[in-house]
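Thanks for sending this one over. Here are my notes, set out as numbered points so that you can follow them with the model open beside you.

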Amino acid sequence: REQLYNIEVKNKCCIMAEYAAMRSCFSDKAAPHGEVVISTGNHNLIKRLYFLCYKSQKIKPQISIQTKRNSSKFAECKYTITLPDFYLNFDAEILKTALMSSECCGRAFLRGLFMIQGTVTDPSVRSVHIESGFKDEKTRNLCVDVMLQHGINVKKGMRRDKYTFYIKDSASAADFLTLIGAQKARFDFDNAKAMREMNNQSNRAINIDVANYDKVSIANSKHLAAIRFLIEYDLYDTLPDELKAVAEARMKYPDASLIVLGEKMVPPMSKAGVNHRLKKLVQIAEDSEKNFF
């Protein structure tokens, strides 16, 4: 938002579109005479509202400042701006036609709405989610129509008593930020998204390696347990020489993978050949255990 507050707007039509969007967000704050009083600690928002009001209505709104010390003895400023009565002299359908036919005004309208009540998740922490909510369904639908016209994949929804639009896919989120003029935010967004994806890929690779290591460790332990059983119950000497050879290799290299174990054999064996003989050892041990017990 801080970047949006400082975007330069020169066209009269775009100034009016952005101001109309922001004033529509404050419709529930209107006093009996139509003026709106906004209090905030955000100096940039106050500057933006002052600029838009003056350019649109040729009226300089009143601004008051309250300063107080917080617990850390730092000064905190609270700004209050009183915006005069504002009325658009055309209905919703005419506004929609104007925004749909003018790309710059559509951008300005969306920017004004998003500055007041838009939210976006941090892409470095979680998957992307841009959302904005409105009490008026027509305003929400107008925003969606403008975004769809610009090829943005946006969805409608409801959250509590508000009509919402939301964007979940990263490409449309990036396009939306560019559309409303937040190019730096788009750049930061892309960087954060790329870093998160790299971290996720790294974590997946580590998890796969750990899973494979666990799988190998379990299999190796099973081989060794079978060999010890055969030795303990005097069955080892009855084994064929090819099974004795692979059993001796397994006892000598208890943590080796099947490929490495095959390379240690004399003569070397394939992974499939080693696996077949070790499975046969385990099967002999299991059958013998059933006979003994």
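**Notes on the predicted model**

1. I begin with a helix pair: α5 passes α6 in a left-handed crossing. Please keep in mind throughout that this is a predicted model. The two axes, those of α5 (residues 103-117) and α6 (residues 137-149), come within 10 Å and cross at roughly 130°. Angles over 145 degrees would count as roughly antiparallel and 65 to 115 as roughly perpendicular, and α5 and α6 are therefore oblique to each other.

2. Which residues of α5 and α6 meet? On the α5 side they are Gly 106, Phe 109, Leu 110 and Leu 113, and on the α6 side Thr 139, Leu 142, Cys 143, Val 146 and Met 147. By type, the residues of this contact of α5 with α6 are seven nonpolar and two polar, with no charged ones.

3. Helix α5 has a further partner in α7 (residues 170-179): their axes come within 9 Å and cross at roughly 105°. That angle makes α5 roughly perpendicular to α7. Here α5 contributes Arg 107, Leu 110 and Phe 114, while α7 contributes Phe 176, Thr 178 and Leu 179. The contact of α5 with α7 divides into four nonpolar residues, one polar and one charged. It is worth clicking on Leu 110, which takes part in the contact with α6 and also in the contact with α7.

4. While you are looking at α7, note its buried residues: Ser 172, Ala 173, Ala 174, Phe 176, Leu 177 and Leu 179. Phe 176 and Leu 179 are on this buried list and also belong to the contact with α5. Just after α7 comes Gly 181, with a positive phi of about 100°.

5. Is Glu 18 buried or exposed? This residue of helix α2 (residues 12-25) has a relative accessible area of 0%, so Glu 18 is buried. Leaving aside residues up to four places away in sequence, Glu 18 touches Val 9, Arg 48, Leu 52, Ala 108, Phe 109, Arg 111, Gly 112 and Met 115. Two of these neighbours, Arg 48 and Arg 111, count as charged. Phe 109 appears among the neighbours of Glu 18 and also in the contact of α5 with α6.

6. Now to the sheet. Three strands form an open sheet in the order β1-β3-β2, with antiparallel pairing. Strands β1 and β2 stand at the edges with a single partner strand each, so one side of each is left without a neighbour in the sheet. From one strand to the next, the twist averages 15°. Helix α3 (residues 43-57) packs on this sheet and touches β1, β2 and β3, with its direction at about 20° to that of β3.

7. For the register, strand β1 (residues 36-40) pairs with β3 (residues 75-83) in the antiparallel sense over five bridges, and Ser 39 has Thr 80 of β3 as its bridge partner. Strand β2 (residues 62-69) also pairs with β3 in the antiparallel sense, over eight bridges. Thr 67 is matched with Cys 77 of β3, and Arg 69 stands opposite Ala 75 in β3.

8. Where is the cis peptide bond that involves Pro 267? The bond runs from Val 266 to Pro 267, with omega near -5°. Pro 267 lies in the loop between α10 (258-264) and α11 (271-292), if you would like to look at that stretch.

9. Two residues other than glycine have a positive phi that you may like to inspect. Arg 160, with phi near 55°, is found in the loop between β6 (155-159) and β7 (162-167). Its relative accessible area is 77%, so Arg 160 is exposed. Asp 234, with a positive phi of about 55°, is placed in the loop between α8 (183-232) and α9 (241-252). Asp 234 is likewise exposed, because its relative accessible area is 63%.

Definitions and conventions
Residues are numbered from 1 along each chain as its sequence is written. This is a predicted model: local features need pLDDT of at least 70, side-chain atom pairs count only at pLDDT 80 or more; totals for chains, interfaces and linings use all residues. Side-chain values use heavy atoms; hydrogens and water are left out. Axes are lines fitted to C-alpha atoms, for helices over the stretch in contact, and angles run from 0 to 180 degrees between N-to-C directions. Helices (H or I, at least four residues) and strands (E, at least two) are DSSP runs, numbered from the N terminus. Angles under 35 degrees count as roughly parallel, over 145 as roughly antiparallel, 65 to 115 as roughly perpendicular and the rest as oblique. A crossing is left-handed if the near helix is turned anticlockwise from the far one by less than a right angle, and right-handed if clockwise. Contact means heavy atoms within 4.5 Å. Two strands pair if DSSP finds at least two bridges between them. Buried means under 20% relative accessible area, exposed over 50%, partly exposed in between (1.4 Å probe, protein chains only).
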